[in-house]
Amino acid sequence: MRPFSGDNCVKPVTDCINRAFGNKEPWQVAAITATTVVGGVWIWTELTKDESLYVRGKRQFFKLAKKLPPVRRQIEAELNKAHNDFESEIKKSNQHLAYSLRLPEKGLSNAQILGLVDDHLKNGHYSWKDGCVSGAVYGYKPELVELVTEVYGKASYTNPLHADLFPGVCKMEAEVVRMACTLFHGNNDSCGTMTTGGTESICMAMKAFRDYAREHKGITKPNIVVPRTAHAAFDKGGQYFNIHVRYVDVNPETYEVDMKKFKRAINSNTILLVGSAPNFPYGTIDDIEAIAALGVKYDIPVHVDACLGSFVVALVQHAGYQLRPFDFAVKGVSSISADTHKYGFAPKGSSVIMYSQKKFKDHQFTVTTDWPGGVYGSPTVNGSRAGGIIAACWATMMSYGYEGYLEATKRILDTARYIERGARQIDGLFIFGKPATSVIAFGSNVFDIFRLSDALCKKGWSLNPLQFPSGVHICITDMHTQAGVADKFLNDLRSCTAEIMKDPGQPVVGKFALYGMAQSIPDRSVIGEVTRLFLHSMYYTPQK
């Protein structure tokens, strides 16, 4: 028997090519070869893009379909209706207020201005001071308001951009960051900056790790791997910094990210792995230890989004509740975002982005060296920053102290678990996963959950609607720990659910029907257009 030779495989291929090109002119051979190579490269490029062919094809199909005159007319009619509805709602909300369309000829007196401010702040449909709102306002103490008002007044004209003029404000910011790092088990190498909110904190982390990966790994087409439940700020950061966001589904039982799928989503262009502690929709915490282990294995930084959890998630174990490790105590965790204006109870406009090492923070900074105005460097998105907000945040943290935050954490967690236990006993409802801190999400396999949201709304409660799947959640704050609030909520939850269960098949009507309908629209760009109309309506003023 003749020994096997590679020529046995190659010869049939070469013979086939020779027969195909035997009668071709040299220029034809060159043209066919070039076309084949270019076409092959194009096909490979299309197949290896971040977005799948299915997603791109689906988007292109809807884009073309919307150009058909009958389809476009129907969409425009619905958009016009939505525009009018949004604008009418704004007009109705502000109908008792006069609009200022130009500067007053003469400045108003202090008394006039304060009166107008009071009139504007009275607007609103819900009583947040009575604990009827999910999230939004996380704590309210009149004596603290007086303190931060005075502090902000003293520091209102300060700007840490001018460190030589306001070194004390810079020191305050440094102390806010260091105290936060300490709460999240950061060592001496941990560091960070303050930002204006959780979205900026997340975006700064994405910018830092994008630039780090580009400089040290040569990655020019970056992606990040995030749970489907991660905050929308990661999508915003992807749009801002041209980073592809690879979403991974959650386990339908635990509502934590599916770690097998998470691992498969990682590739050579992955610059960051993300986990939530907790996530916004369901209040569950992803397996940060498992995510961090992947980060160590593949040498990829890991970001933990604790914006919503804030100081409560940092103090859960100190408050006597169990929680898996999630912060800098976990090997591989590279950065953490946490909002001081949530469970830090500071005024709105403050958050912290923390890093395990200074080499990461270094890539958050933006430096311009050749500007005629001089060398320019800034730590975050803004150049000028409000020193008053920094001082007010610092003052809040100094006022609460460790014991104050621990007591608040106990109150909030005790209330959240009390409501969770009561809700689990209500026939027709289920709880999404196992809430880790302050968020409890409800769903139903029996009736349209938005009927419950509508019924509770009519009783004065403002909850957060969820989609994919339909649900509703309440985020427990210090406002809900007031006497009688939790019991009132549970009583209303029971009575509303019992009434719905008398006819569970009835569809939801009114504005809450829109939430269910929005999920059923396959072309998500239409929902995007409606959302933009809503955002435009927020800036409505009457025409001159």
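Is V117 buried, exposed or partly exposed? V117 is partly exposed, with a relative accessible area of 37%. The model is predicted.

## Overall build

The protein chain has 544 residues, of which 43% are buried. Its secondary structure comprises 18 helices and 13 strands. Along the principal axes, the C-alpha atoms fill a box of roughly 95 × 65 × 60 Å.

Contacts reach far along the sequence. Among those in the protein chain with a separation of 6 or more, 72% join residues 24 or more positions apart. The chain exposes about 30000 Å². Carbon and sulfur atoms supply 57% of that area.

## A nonpolar patch at the surface

V117 belongs to a nonpolar surface patch. Its partners there are L108, I113, L116 and L121. Together the five residues make a patch of about 430 Å². V117 itself sits in helix α5, which spans residues 110-121.

A patch residue needs over 30% relative accessible area. V117, at 37%, is partly exposed. In soluble globular proteins, nonpolar side chains tend to be buried together.

## Nonpolar cores

The largest nonpolar core holds 78 residues. Within this core, the residues with the most contacts are F184, M354, F442, L452, F489 and L493. Helix α14, residues 387-424, gives the largest share of the core, with 13 residues. A second core stands separate from it and has 26 residues. Its members include I224, I243, C307 and I353.

M354 has a broad set of partners beyond its sequence neighbours within four places. They are A180, C181, F184, C191, G192, F328, S334, S335, I336 and A338. One of them, S334, is found in strand β6, residues 333-338. S334 is buried, at 6% relative accessibility. Leaving out residues up to four places away in sequence, S334 touches F209, P301, V302, F328, M354, Y355, S356 and F360. F328 is thus a contact of M354 and also a contact of S334.

## Cysteines without disulfides

How many disulfides does the structure hold? The count is zero. C203 shows the spacing: its nearest cysteine sulfur, that of C307, is 10 Å away. Seen from C307, the closest cysteine sulfur is the one in C203, and at 10 Å the two are too far apart for a bond. A disulfide would need the sulfur atoms within 2.5 Å.

Both cysteines are covered by protein. C203 is buried, with a relative accessible area of 4%. C307 is buried too, at 6%. C307 is also included in the second nonpolar core.

## Salt bridges

The structure holds 18 salt bridges. One joins R228 and D249, with the closest N and O atoms 3.7 Å apart. R228 lies in the loop between β2 (223-227) and α9 (233-241), and D249 in the loop between β3 (244-248) and α10 (259-265), so the bridge ties together parts that are 21 residues apart in sequence. R228 is partly exposed, with a relative accessible area of 48%. D249 is partly exposed as well, at 39% relative accessibility.

Another bridge pairs R411 with D478, with the closest N and O atoms 2.8 Å apart. This pair links distant parts of the chain, 67 residues apart. R411 is in helix α14, and D478 is in the loop between β13 (471-475) and α16 (485-501). The cover of the two ends is unlike: R411 is partly exposed, at 34% relative accessible area, whereas D478 counts as buried, at 13%.

## A bridge inside helix α14, and a network

Where do R417 and E420 lie? Both are in helix α14, three residues apart, about one turn of the helix. Their salt bridge has its closest N and O atoms 2.8 Å apart. R417 is buried, with a relative accessible area of 11%. E420 is buried, at 10%.

Helix α14 therefore appears in several roles here: it gives 13 residues to the largest core, carries R411 of the bridge to D478, and holds both R417 and E420. Elsewhere, salt bridges form a network that links K207, R210, D211 and R214.

Definitions and conventions. Residues numbered from 1 in each chain as written. Predicted model: local features only at pLDDT ≥ 70, side-chain atom pairs only at ≥ 80, totals over all residues. Heavy atoms only, no water. Patch = residues over 30% accessible without salt bridge, like charges linked within 9 Å, V, L, I, M, F, W, Y side chains within 5 Å. Areas by Shrake-Rupley, 256 points an atom, 1.4 Å probe, with all protein chains shown as cover. Salt bridge = Lys/Arg side-chain N within 4 Å of Asp/Glu carboxyl O. Helix = DSSP H or I, 4+ residues; strand = E, 2+ residues; numbered from the N terminus. Buried < 20%, exposed > 50% of the residue type's maximum accessible area, 1.4 Å probe, protein only. Core = buried A, V, L, I, M, F, W, Y, C linked by side-chain atoms within 4.5 Å. Contact = heavy atoms within 4.5 Å.
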